[in-house]
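Let's take a friendly walk through a protein chain. Have a look at the sequence and the 3D picture, then read on.

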Amino acid sequence: PPPPPLRPLCLVPRTGRAVERIHATQLSPRVFARHQREGTPLLVEGTLGALAREDWGLSGFAAAVGAHLPLTCRIHGGDGYATSPDRWTGRKHMRSTVTTTAPLFADSIRSGIAASNDCYVQSDVASSRAGAVLAPLFDAVGEACGLRMHALYGPLVNAWWGPAGPLLPTTLPRHFL
């Protein structure tokens, strides 16, 4: 039998509806298509399996990405410069980008600098230990959604991460059609 329904963690901006949470075993192309059509987020739980016992918190994730990989840090500014995607017409959604590493960005989260400047990292981490571990899990989610690997972008492990709080909407962590 499927697991019992999960309680909502947060609300969808502008609608006030709870973000739907489902277990990975309940994910299907039909469920994915409905959320894609409605433009509503969906929180999928239970994808890590045995990996859930490992440290995927800030320190663990930064260590798994490593210090060798250059990452793109998006700086939105702490004054509300960032806007939702429906308001991006005619302007950039961020002020600037800088190159950083996982340990340096983790330090900026711990110190509060990332939160005060509304900074997020969005980069392909496929060449790291984190990417090697997460890629098959992301592939399984893509398959459950009925998606195919994007012919142009290929197998990226596109990680978005930053300080706790409001986040920009994200896409699947691997590029699919």
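## Helix H5, end to end

This is a predicted model, and we can begin with a quick check on one of its helices. Helix H5 covers residues 129-144, so its 16 residues, at 1.5 Å a residue, should span 22 Å. The C-alpha atoms at its two ends are 24 Å apart, which agrees.

H5 also has a bend of about 35° at alanine 135. A proline, proline 136, follows within four residues of that point. At the N-terminal end of H5, serine 128 acts as a cap: one of its side-chain oxygens lies 3.3 Å from the backbone nitrogen of alanine 130. Just after the helix, glycine 146 takes a positive phi of about 80°.

## Which side of H5 is tucked in?

Which residues of H5 are buried? They are Ala130, Gly131, Leu134, Ala135, Leu137, Phe138, Val141 and Gly142. An α-helix has 3.6 residues a turn, so residues three or four places apart point the same way. Keep that in mind as you go through the list of buried residues in H5. What do they pack against? Their partner is helix H2, residues 58-65.

## Three residues to find

Start with valine 125, which sits in the loop between strand S5 (119-124) and H5. Is valine 125 buried or exposed? With a relative accessible area of just 1%, valine 125 is buried, because buried means under 20%. Leaving out residues up to four places away in sequence, valine 125 touches Val65, Leu69, Leu71, Gly131, Val157 and Ala159. Take Val65 from that list: valine 125 and valine 65 are 60 residues apart in sequence, yet their C-alpha atoms are 6.6 Å apart in space.

Next up is arginine 21, in strand S1 (residues 20-23). Its relative accessibility is 15%, so arginine 21 counts as buried too. The side chain of arginine 21 makes a polar contact of 2.6 Å with the side chain of glutamate 45.

Now try isoleucine 113, in helix H4 (residues 113-116). At 47% relative accessibility, isoleucine 113 counts as partly exposed, because that class runs from 20% to 50%. Isoleucine 113 and proline 163 are 50 residues apart in sequence, and 9.3 Å separates their C-alpha atoms in space.

## The whole chain

Time to zoom out. The chain has five helices and six strands, and along the sequence they follow the pattern β-α-β-α-β-β-α-α-β-α-β. Of the 177 residues in the chain, 33% are buried. The accessible surface comes to about 10,500 Å², and carbon and sulfur atoms account for 60% of that.

How do the contacts reach along the sequence? Take the contacts between residues at least 6 apart in sequence: 62% of them join residues at least 24 apart.

## How far to trust the picture

The mean pLDDT of the chain is 78, and 73% of its residues reach 70 or more. Which helix or strand comes out highest, and which lowest? Helix H3 (residues 102-111) is highest, with a mean of 94, while strand S6 (residues 158-161) is lowest, with a mean of 83.

Over residues 167-177, the pLDDT is below 50. Beyond near neighbours in sequence, that stretch has 38 contacts in the model. Where pLDDT is low, the predicted coordinates should not be read in detail.

Conventions: Residues are numbered from 1 along each chain as its sequence is written. Side-chain values use heavy atoms; hydrogens and water are left out. pLDDT is the predictor's confidence in each residue, from 0 to 100. Contact means heavy atoms within 4.5 Å. The expected span of a helix is 1.5 Å times one less than its number of residues. The bend at a residue is the angle between axes fitted to the seven residues ending there and the seven starting there. Buried means under 20% relative accessible area, exposed over 50%, partly exposed in between (1.4 Å probe, protein chains only). A polar contact is a pair of N or O atoms within 3.5 Å; within protein, one must be able to donate a hydrogen and the other to accept it, and residues adjacent in sequence count only if both atoms are side-chain atoms. Accessible areas come from the Shrake-Rupley method with a 1.4 Å probe; for residues, only the protein chains shown count as cover.
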